[in-house]
Structures are given as structure tokens and as C-alpha cells.
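Colleague: I would like to go through this model and hear what stands behind each label. Please set the value against the cut-off each time.

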Amino acid sequence: MSRPSKLPKSTIIKIKDDGKHYSCNKFFSYDLFYGMIDATRGIGKTTTFLRKAIINAKKGEEFIYIRRYKPELKRFMNEDSFSPIVDGVRYVGDGTGGYKVYVEDYKVGSLIALVTARSYKSVDFSKVTLIIFDEAFVHQTPSYRYLEDEVTLLLEFIGTVQRTRTNLKVVLLANNEDMFSPYHSYFNIPVFDKLYIDADRGIYCEHASHSEELMKDEEKTGLYHLIKGTAYGDYYYKNKVLGSTQNAIIDKPKDAKLLFRIIIEGRTLNMYTYYDNNKDVWLYCEVRQKVIKDNIAYEIMQDGKTNYLDVQMFKKRLKNYLYRFHFNKRISYNDETGGAIITWVIENV
């Protein structure tokens with residue numbers, strides 16, 4: 001017996017846009033091809049796009065849900081991630097490490113690990129109108145990192161899915177815990193506050209945060225009172241970059257002398273020394289949104305790739321020096337992102 005061509009309109013979608021949690025409607029209202037949305041945990045960013053995928057399935061469309069590695073797909077299934085949205089979901093292996101997603105007897109989409117994406121070049125994805133790449137930006141550790149040439153790998157896969165169609169949308173979802181995403185660097189996304197649109201290239205970028213209604217619920221919790229006013233509280237509730245601290249933001253001192261530069265994902269940190277009113281030595285970090293290379297510059301990372309030679313020289317010559325100033329809270333900045341970058345360098349380089 002042949003399978004139905006589309007999900008019945010009578011299929012019950014169990015949740016609705018409640019105005020409290022994040023809604024994907026804003027992204028789709030711009031009718032742009034490619035979105036990058038980072039948001040704090042628990043506001044519903046993944047759920048809203050999965051819900052949209054099921055709505056699309058009633059029109060005969062399919063989705064692809066991407067994670068970086070195969071074990072993440074298994075965790076997605078084990079957590080029964082579709083259960084708040086629709087009943088009757090089941091998964092069938094596709095023979096390439098991924099899974100076909102069915103609601104009852106109708107195929108609504110696929111789960112695919114980016115690490116195996118090149119294996120799908122001959123697969124027919126003509127029904128796919130939505131690609132969701134979840135946890136796209138990561139705080140890199142020795143055991144969890146971006147793939148080699150990951151941006152190119154994703155773009156190749158998007159091309160495989162799209163072919164010449166014009167009805168495909170791609171969205172990357174993540175928590176705001178990586179200032180140095182190769183995706184932002186690859187497309188030269190500037191620093192922005194809440195929303196950045198490049199209509200010519202079809203790019204939509206958003207820093208999403210808790211709604212006022214959701215914040216009212218959060219304010220009743222013990223966690224809210226515990227972390228209110230802390231750097232983690234700003235990250236969790238206001239979607240500030242993870243790792244940022246309460247730092248002194250000042251104009252560059254007149255007596256500041258340039259000591260060295262750190263280059264990381266399209267940004268240059270000019271590091272100066274200066275004296276405060278007590279004649280104590282401080283560092284001043286000037287964040288520049290461009291790459292400045294010279295004989296005092298250490299290029300740590302670019303396009304997700306580590307420059308191991310410069311990293312080794314930096315660790316040998318300057319890391320301990322930088323750490324002492326950071327530990328003693330004697331670094332001031334021209335930009336609030338500077339503290340997050342310095343913290344990341346100390347923790348990861």
C-alpha cells in the first residue's frame with residue numbers, strides 16, 4: 001500500500017503560539033533565505049521551528065533537522081523532542097547514519113548528522129522546504145568542536161537539497177555561547193544589538209531573549225534571584241555573550257602604549273599598557289572589528305581554524321602575563337564584548 005502524500009489536515013498539533021515563548025513567525029515574515037538565531041535556553045526556539053515543520057507537512061512539505069554528530073541525533077530521539085508538538089512520531093534509519101521521520105505513515109522529514117552530509121548527494125530532497133541546524137554555534141572544548149571546513153560542508157549540503165528550487169529556508173539555531181562562530185565570520189556579520197538583516201544576500205540574524213511574560217515566570221524562581229546581576233544572569237536572561245564579565249568600559253587612556261594584538265575571527269584586540277591614578281599598571285583592551293596584522297599580532301583563530309604556531313608563541317610569551325591582569329581585574333575595555341573575548345582566550349588558548 002502506498003504511503004499518503006501529505007500529513008492529514010486533521011492531525012492535531014498540540015501547542016500554539018502563546019505570545020510567551022519564542023515564535024518563528026518573525027523570521028518567516030522577512031521572507032529571507034538564511035537565518036542565524038541565537039537565544040537563551042528555554043525560550044522555545046527549537047520547538048517553534050519543529051512545530052512549523054509539522055504545519056508544513058500538512059501541505060506535503062518535508063524538513064531536515066541537522067545536528068553536528070550522530071550521537072546528537074540519538075539524543076534528540078531519546079528525548080522524544082516532538083512529543084510536545086504531535087503524537088505518533090517514529091524514526092526509521094536511512095542507512096547513512098541518519099533517520100527518516102514519520103508521523104503515523106507519512107514521512108515528514110529527516111534527521112541528518114552534518115558529519116555525514118556528503119553521503120546524501122544522490123538523495124531526492126525535492127519536498128524539503130525547511131532545514132533546521134540546531135546547536136549550530138558551540139563553545140569549543142577538546143571533545144566538542146566545529147568540523148573541519150564546516151561552513152563549506154553545510155553550504156554544499158544546502159546546495160544538494162535546494163538544487164534550483166526557490167522555496168527553501170535555512171535556519172541555524174544556537175545558544176549565545178560562541179563569539180567566534182565561523183558562520184558569522186564567513187559571512188562577515190558585524191556586531192549588532194538585536195537584529196541584523198542583509199536583504200541582498202538573504203540573511204537574517206537575531207539575538208533573541210526572554211519575553212516579558214516569560215520573564216515574569218522566571219522572576220518567581222530561585223535561580224533568577226541567585227544569578228540576578230551576575231554575568232551568567234545576563235547571559236541566561238538577557239542573551240549577553242557567555243563568558244562576559246562586569247568590566248570597566250572607558251575611553252582609551254592618553255598614556256596608553258600598544259603592547260601586542262590578538263586576532264580572532266575577524267576581530268583584533270589591541271592590548272595597551274597604562275597607569276591609573278595610583279600609578280598601578282593596567283591593560284587596556286581595544287576591540288576593533290577588522291584584522292590588523294603586523295609583527296606584534298598573534299592570530300589565534302580565523303574561520304574556525306586555529307593558528308597553532310601563533311597560539312604556541314602567545315602561550316609562551318604572553319598568556320601568563322595576560323592572565324595576571326585578568327585575575328587581578330586590571331583590564332579595562334572600549335567595548336563590553338572585550339571581556340568575553342579575553343575570558344575565552346584565557347580559558348581556551
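Modeller: Start with the rule for rings: two rings of Phe, Tyr or Trp pair if their centres lie within 6.5 Å. Ring pairs of this kind link Phe27, Phe28, Tyr30, Phe49 and Tyr204 into a cluster. Bear in mind that this is a predicted model.

Colleague: How many aromatic pairs does that rule give?

Modeller: The count comes to 22 aromatic pairs.

Colleague: Why is the pair of phenylalanine 28 and phenylalanine 49 called tilted?

Modeller: The ring centres are 6.0 Å apart, and the planes stand at 45°. Planes under 30 degrees apart would count as stacked and those over 60 as edge-to-face. The angle of 45° falls in neither class, so the pair is tilted.

Colleague: What makes this a link between distant parts of the chain?

Modeller: Phenylalanine 28 belongs to helix 1 (residues 25–29) and phenylalanine 49 to helix 2 (residues 45–57), with 21 residues from one to the other.

Colleague: Are these two residues buried or exposed, and how do you know that?

Modeller: Buried means under 20% relative accessible area, and exposed means over 50%. Phenylalanine 49 has 0%, so it is buried. Phenylalanine 28 has 22%, which lies between the two limits, and therefore counts as partly exposed.

Colleague: What makes you say that the charged end of lysine 52 sits over the ring of phenylalanine 28?

Modeller: The charged end is 5.0 Å from the ring centre. The limit is 6 Å, together with an angle within 35 degrees of the ring normal. A second case is arginine 90, which lies over the face of tyrosine 102 at 4.8 Å from the ring centre.

Colleague: Why are strand 3 and strand 4 called a pair?

Modeller: Two strands pair if there are at least two bridges between them. Strand 3 (residues 89–93) and strand 4 (residues 99–103) have 5 bridges in the antiparallel sense, so they qualify. One of the bridges joins tyrosine 91 to valine 101 in strand 4. The hairpin has 5 residues between the strands, and glycine 95 there takes a positive phi near 85°.

Colleague: Which residues have a positive phi although they are not glycine?

Modeller: Aspartate 80 has a phi of about 55°, and lysine 279 has one of about 65°. Aspartate 80 is in the loop between helix 3 (70–78) and strand 3, whereas lysine 279 is in the loop between strand 12 (267–275) and strand 13 (281–288).

Colleague: Why is aspartate 80 called partly exposed and lysine 279 exposed?

Modeller: The relative accessible area of aspartate 80 is 40%, which is not over 50%, so the label is partly exposed. Lysine 279 has 65%, which is over 50%, so this residue is exposed.

Colleague: What makes phenylalanine 76 buried?

Modeller: Its relative accessible area is 3%, and the limit is under 20%, so phenylalanine 76 is buried. This residue is in helix 3.

Colleague: How do you know that strand 2 is mostly covered?

Modeller: In strand 2 (residues 62–67), 6 of its 6 residues are buried. Glu62, Ile64 and Ile66 are on one side, and Phe63, Tyr65 and Arg67 are on the other, so both faces are covered.

Colleague: Which strands pair with strand 2 in the parallel sense?

Modeller: Strand 6 (residues 128–133) pairs with strand 2 over 5 bridges, and isoleucine 66 has phenylalanine 133 in strand 6 as its bridge partner. Strand 5 (residues 106–113) also runs parallel to strand 2, joined by 5 bridges. Tyrosine 65 stands opposite leucine 111 in strand 5.

Colleague: Why are strand 10 and strand 15 said to stand at the edges?

Modeller: The open sheet has 7 strands in the order 10-16-13-12-11-14-15, with mixed pairing. Strand 10 (248–249) and strand 15 (305–306) each have a single partner strand, so one side of each lacks a neighbour in the sheet. Within this order, strand 13 and strand 16 (residues 331–333) pair in the parallel sense over 3 bridges. Cysteine 285 has tyrosine 333 as its bridge partner in strand 16.

Colleague: Which residues line the largest cavity?

Modeller: The lining is made of Ala117, Arg118, Lys121, Leu153, Glu156, Phe157 and Thr160. By class there are 3 nonpolar, 1 polar and 3 charged residues. The space inside is about 40 Å³, and the search finds 1 cavity of 30 Å³ or more.

Conventions: Residues numbered from 1 in each chain as written. Predicted model: local features only at pLDDT ≥ 70, side-chain atom pairs only at ≥ 80, totals over all residues. Heavy atoms only, no water. 1 Å grid on protein atoms, 1.4 Å probe; cavity = no way out; pocket = protein on both sides within 12 Å on 5 of 7 lines; lining within 4 Å. Points joined across faces, edges and corners; volume = space filled by probe spheres on them. Nonpolar A, V, L, I, M, F, W, Y, C, P; charged D, E, K, R; others polar. Helix = DSSP H or I, 4+ residues; strand = E, 2+ residues; numbered from the N terminus. Buried < 20%, exposed > 50% of the residue type's maximum accessible area, 1.4 Å probe, protein only.
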